[in-house]
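Work through the exercises below with the structure open. Try each task before you read its solution.

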Amino acid sequence: MAPSKEEERKLRNASDDSVIIKLTPAERFLKELLQVPFVFKRVDALLSVANFYPEVEYLRRSFGVVQV
């Protein structure tokens, strides 16, 4: 689940220590993630790789049913 553009902008602009301290742990983690270039595209790619073989197996079974 990626942040909206507005949420991303607010997290990127949060640089004052007093503001960062008020962020929840999840928000601080997300702020750190935003430092990685193309982080959400990378996560999507990793999910695609992780789900590739289960999807292929599902399609094989489905095509087997169609052939029968």
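**Exercise 1.** In this predicted model, find how the side chains of Glu 6 and Arg 9 meet, and say how far apart the two residues are along helix α1.

Solution.
- Step 1. Look at the two side chains. Glu 6 and Arg 9 form a salt bridge, with 2.5 Å from N to O.
- Step 2. Apply the cut-off. A salt bridge needs a side-chain nitrogen of Lys or Arg within 4 Å of a carboxyl oxygen of Asp or Glu, so 2.5 Å qualifies.
- Step 3. Count along the helix. The two residues are three places apart in helix α1, so about one helical turn separates them.
- Step 4. Check exposure. Glu 6 is partly exposed at 39% relative accessibility. Arg 9 is partly exposed too, at 42%.

**Exercise 2.** Which residue meets Glu 8 in a salt bridge, and is Glu 8 buried or exposed?

Solution.
- Step 1. Place the residue. Glu 8 sits in helix α1, which covers residues 5–13.
- Step 2. Find the partner. The side chain of Arg 12 makes a salt bridge with Glu 8, at 3.1 Å from N to O.
- Step 3. Compare positions. Arg 12 and Glu 8 are four residues apart in helix α1, about one turn of the helix.
- Step 4. Judge exposure. Glu 8 has a relative accessible area of 18%. Buried means under 20%, so Glu 8 counts as buried. Arg 12, at 45%, is partly exposed.
- Step 5. Look further along the chain. Beyond its neighbours within four places in sequence, Glu 8 contacts Pro 3 and Leu 34.
- Step 6. Check the total. The structure has two salt bridges.

**Exercise 3.** Which residues make the nonpolar surface patch of about 330 Å²?

Solution.
- Step 1. Name the members. Tyr 58, Leu 59 and Phe 63 make the patch.
- Step 2. Place one of them. Phe 63 lies in helix α4, residues 39–67.
- Step 3. Test its exposure. Exposed means over 50% relative accessible area; Phe 63 has 52%, so it is exposed.

**Exercise 4.** How many aromatic pairs does a search of the whole structure find?

Solution.
- Step 1. Count. The search finds one aromatic pair.
- Step 2. Identify the rings. Phe 52 and Tyr 53 form the pair, 5.2 Å centre to centre.
- Step 3. Read the angle. The planes are 80 degrees apart; over 60 counts as edge-to-face, so this pair is edge-to-face.
- Step 4. Compare exposure. Phe 52 is partly exposed at 46% relative accessibility, whereas Tyr 53 is exposed at 64%.

Methods
Residues are numbered from 1 along each chain as its sequence is written. This is a predicted model: local features need pLDDT of at least 70, side-chain atom pairs count only at pLDDT 80 or more; totals for chains, interfaces and linings use all residues. Side-chain values use heavy atoms; hydrogens and water are left out. Buried means under 20% relative accessible area, exposed over 50%, partly exposed in between (1.4 Å probe, protein chains only). Contact means heavy atoms within 4.5 Å. Patches are made of residues with over 30% relative accessible area and no salt bridge: like charges are joined within 9 Å, nonpolar side chains (Val, Leu, Ile, Met, Phe, Trp, Tyr) within 5 Å. Accessible areas come from the Shrake-Rupley method with a 1.4 Å probe; for residues, only the protein chains shown count as cover. Rings of Phe, Tyr and Trp (its six-membered ring) pair if their centres lie within 6.5 Å; planes under 30 degrees apart count as stacked, over 60 as edge-to-face and the rest as tilted.
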